[in-house]
Amino acid sequence: MMTTKTSGEKQARLRRKLVKNELNPVADILLSFVILAASPCIWVFAQIHDKIMFKFLNQTYIYNVSWEDPRMDQRVFDLNESDHILTIASAGCNVLDYIMEGAKVTAVDFNLCQIALTELKKVAILTIEFEQFFEIFSKSNMALLREVYPKLRPLLSPPSAEFWDKGVHTIKSFMYSGTSGNMSWFVFRVLFPLFGLGFLRRDLAAGTSPEAIAHDITNYQYSIRSIAWLMDNILLRAGCCMAGVPERQMALGLHRPNNMAMVIERVFFHTDLVKDNYFYSGYILGYYTPECCPRYLKKENYAKMRKYLQMNKLKLVHGTILSAIHDTDTPFTVASLLDHMDWMTDRMINEEITHLMKKMDPVRGKIFWRTFADDVHSAALSWMKPDRVDDSDDRVGMYWTTWIAHLKDFRVSYEERRDTVQSKGFLSDLLTGIKVVSFPLWRPIVSSTLAVTGHAKTMETFYKYQKEDYDAFREGLLHARPALMESIPLKKEGGMVWVDVGGGTARNLEFFSPEILKKYFSAIYILDVSASLLEIAQRRVDAMGLSDLVKVVEHDFTSSTVFSVMPSKGSVDLITMSYSYSMIPDQNAAVNNATSLLKGRGEGLLAIADFFLKGNYDDCLPNLSRNLRWIESVFHKHWFAFDHVHLLDDEQLPGWAEREGTKSGKSGSGKEELEVIWDSRFRGSVPFLPFLHPYHGVYMLQKK
């Protein structure tokens with residue numbers, strides 16, 4: 001006997017399919033071929049994506065609404081009049097949310113048009129009554145804005161006045177202006193009705209209950225699933241530049257095949273679009289209602305905002321976060337950095353945190369950020385030991401995790417690394433590249449001239465005639481080395497001991513200034529089996545004036561005799577292996593010796609930068625893409641093996657088996673004493689070989 005599914009069962013089924021990305025097998029195969037066919041176009045767009053997005057800067061604002069839920073911020077900040085917040089201006093919504101609590105706010109944006117939008121709201125609050133303010137910024141009454149603009153203009157800064165002199169005539173709606181507003185108009189006013197979801201606007205306008213809206217959505221489950229697939233696979237890549245999402249941020253979540261499907265599930269089934277979730281109801285309706293709008297549009301908050309704005313509690317800065325940091329004399333108690341660290345390289349994050357630390361209140365200071373990543377996405381941020389913020393009440397739903405760190409809990413210091421790119425020009429790089437590729441041909445000749453044996457002979461054969469150009473060529477090859485050096489924590493108390501295994505030319509030293517090395521390290525050992533590379537290392541150590549701090553050691557790290565030339569067991573804070581672990585024949589011995597040297601109780605760190613066989617998320621790829629990725633990895637494995645580089649498979653990595661809950665290696669080995677604390681992998685190019693983009697990565701472990 002056939003049974004009819006209840007509304008609740010249908011809703012649960014739709015939500016499950018959205019969250020788990022469930023497709024029937026036939027659709028899965030067909031859509032996989034569609035994505036594969038579109039891959040060249042997606043790749044091309046990825047190359048120009050950021051250029052398109054940054055074309056809008058200082059021409060128009062990107063964000064017409066601040067897309068971070070301030071209710072979460074207020075819950076963890078507990079603001080009062082003694083607070084000083086550093087944040088990004090965006091559309092000014094959250095800036096004003098902080099202001100009404102009495103906090104002093106420094107709001108910065110490198111898009112002058114975002115400053116202009118925020119300043120217009122500020123000046124309007126100071127000048128006009130609430131009813132006019134609500135009519136303009138909630139209902140987009142642009143005629144009223146043009147009427148009151150002569151009162152506002154004298155209070156605007158010259159750049160903002162110049163923007164609004166044109167803007168009051170060209171902008172037709174605050175809700176659908178700016179690049180993100182234009183994109184939202186297309187999604188909610190064109191795409192949704194096209195897929196039969198136009199009823200959402202009618203339901204919201206009629207004040208239909210959230211339960212009734214969820215029921216109606218359930219009846220259109222194929223429309224919802226179709227639009228979710230389209231948004232995830234086409235619009236997310238094609239439209240993210242309009243939404244102000246750069247390629248670097250997108251990459252943090254592309255391993256998830258159903259980002260937008262999960263956002264739809266969160267928003268439509270976990271939030272109240274009628275009375276609470278103004279982020280989406282505003283875009284669907286085209287306006288805010290008095291019941292469903294940001295707090296700065298609530299009448300009861302208007303007098304408070306005017307009071308604190310009259311007290312000059314808001315400072316707007318056109319520029320970067322760094323420029324705002326340098327321009328303040330009052331310590332910040334909160335740095336609310338939105339999601340902008342998703343945009344940044346490790347170098348930029350380290351630089352920003354280094355400068356921010358100098359201007360934060362050391363006791364009350366908090367650093368707060370959102371991310372599109374599943375976890376903390378930068379090692380520099382992980383050393384803050386941040387706490388994950390409960391985001392179950394987040395009405396935006398587009399950030400996967402939110403974090404807060406308290407300065408009083410920091411155990412590490414932050415220092416800027418240096419840019420010391422080595423370059424000897426195109427011809428030098430080409431000649432070195434030819435030497436690398438042709439190594440199997442001339443190896444027997446060079447090998448016959450060397451007195452050393454074993455692994456040392458293999459390495460010396462390879463590097464003897466590359467040593468002078470070694471660093472310059474590998475700047476474009478060893479992409480994880482800078483990431484590794486940005487990831488190293490510097491202990492506040494100093495006195496660290498560092499052993500750089502396979503340290504070669506001592507290039508890693510140059511990422512720090514001599515002053516920083518002397519401040520945080522009491523001894524540094526550069527160990528390698530290649531005498532030719534160590535010759536360059538000694539020159540570099542002498543040139544940097546570090547002869548009393550750095551010792552250059554020619555020895556095989558896997559040998560049992562290595563302890564005779566190393567510091568005492570259990571005394572080393574940091575061991576690095578920068579593109580050397582993949583070239584060591586006896587990796588078990590290397591890990592065991594490293595473990596013996598390291599301090600215990602989480603104080604000793606083994607940090608590896610190298611080539612990897614797999615990415616972090618290969619297992620998340622669709623079936624067809626996963627098979628193609630496997631073929632590519634096999635090719636990479638055999639290609640690099642010609643140069644004695646053995647791309648690291650997961651099973652080779654120390655601590656991997658323990659993390660995955662499987663047993664590997666000998667009982668009592670050093671691997672069992674190591675705990676994985678960081679594993680980040682990314683693709684990098686190979687000079688002169690554009691078809692090769694192997695995975696690189698930084699893999700870090702601490703001794704238990």
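Trainee: Why is histidine 340 called buried?
Mentor: A residue counts as buried when its relative accessible area is under 20%, as exposed when it is over 50%, and as partly exposed in between, using a 1.4 Å probe and protein chains only. Histidine 340 has 14%, so it belongs with the buried residues. Keep in mind that this is a predicted model, in which local features need pLDDT of at least 70, side-chain atom pairs count only at pLDDT 80 or more, and totals for chains, interfaces and linings use all residues. Residues are numbered from 1 along each chain as its sequence is written, and side-chain values use heavy atoms, with hydrogens and water left out.

Trainee: Where does histidine 340 sit, and what does it touch?
Mentor: Look in the loop between β4 (334-336) and α18 (346-358). Helices and strands here are DSSP runs numbered from the N terminus: H or I with at least four residues for a helix, E with at least two for a strand. Contact means heavy atoms within 4.5 Å. Not counting residues up to four places away in sequence, histidine 340 touches Ile88, Ile321 and Glu352. Its C-alpha atom is also 9.6 Å from that of valine 245, although 95 residues separate the two along the chain.

Trainee: What makes proline 70 buried?
Mentor: Its relative accessible area is 4%, which puts proline 70 in the buried class. Proline 70 lies in helix α3 (residues 70-77). Leaving aside neighbours within four places in sequence, it is in contact with Asn94, Asp97, Tyr278, Phe279 and Arg395. For aspartate 97, 27 residues away along the chain, the C-alpha separation is 7.0 Å.

Trainee: Are alanine 506 and phenylalanine 688 buried, partly exposed or exposed, and how do you know?
Mentor: Alanine 506 has 0% relative accessibility, so it counts as buried. Phenylalanine 688 has 39%, so it counts as partly exposed. Alanine 506 is in the loop between β10 (496-501) and α25 (514-520), while phenylalanine 688 is in the loop between β15 (674-683) and β16 (695-703). Each has a positive phi in a residue other than glycine: near 65° for alanine 506 and near 70° for phenylalanine 688.

Trainee: Now the helices. Why is α6 called oblique to α7?
Mentor: Two packed helices are described by the angle between their axes and the distance between the axes. The axes are lines fitted to C-alpha atoms, for helices over the stretch in contact, and angles run from 0 to 180 degrees between N-to-C directions. Under 35 degrees counts as roughly parallel, over 145 as roughly antiparallel, 65 to 115 as roughly perpendicular, and the rest as oblique. Helix α6 (residues 130-137) and helix α7 (residues 142-152) have axes that come within 8 Å and cross at roughly 130°. That makes α6 oblique to α7. Gln132, Glu135 and Ile136 of α6 make the contact with Leu144, Leu145 and Val148 of α7. By class, this contact has four nonpolar, one polar and one charged residues.

Trainee: How are those classes assigned?
Mentor: Ala, Val, Leu, Ile, Met, Phe, Trp, Tyr, Cys and Pro count as nonpolar, Asp, Glu, Lys and Arg as charged, and the others, Gly among them, as polar.

Trainee: What makes α5 roughly perpendicular to α7?
Mentor: Helix α5 (residues 112-127) packs against α7 at an angle of about 85°, with the axes 10 Å apart. That angle makes α5 roughly perpendicular to α7. On the α5 side, Leu120, Val123, Ala124 and Thr127 meet Leu145, Lys151 and Leu152 in α7. Sorted by class, the contact of α5 with α7 has five nonpolar, one polar and one charged residues.

Trainee: And why are α9 and α12 called roughly antiparallel?
Mentor: Helix α9 (residues 178-194) and helix α12 (residues 221-239) cross at roughly 155°, and their axes come within 13 Å. The two are therefore roughly antiparallel to each other. Met183, Phe186, Val187, Leu191 and Phe192 of α9 make the contact with Ile227, Leu230, Met231, Leu235 and Gly239 of α12. This contact of α9 with α12 has nine nonpolar, one polar and no charged residues.

Trainee: How much of the whole protein is buried, and how many helices and strands are there?
Mentor: Of its 704 residues, 57% count as buried, and the secondary structure comes to 29 helices and 16 strands.
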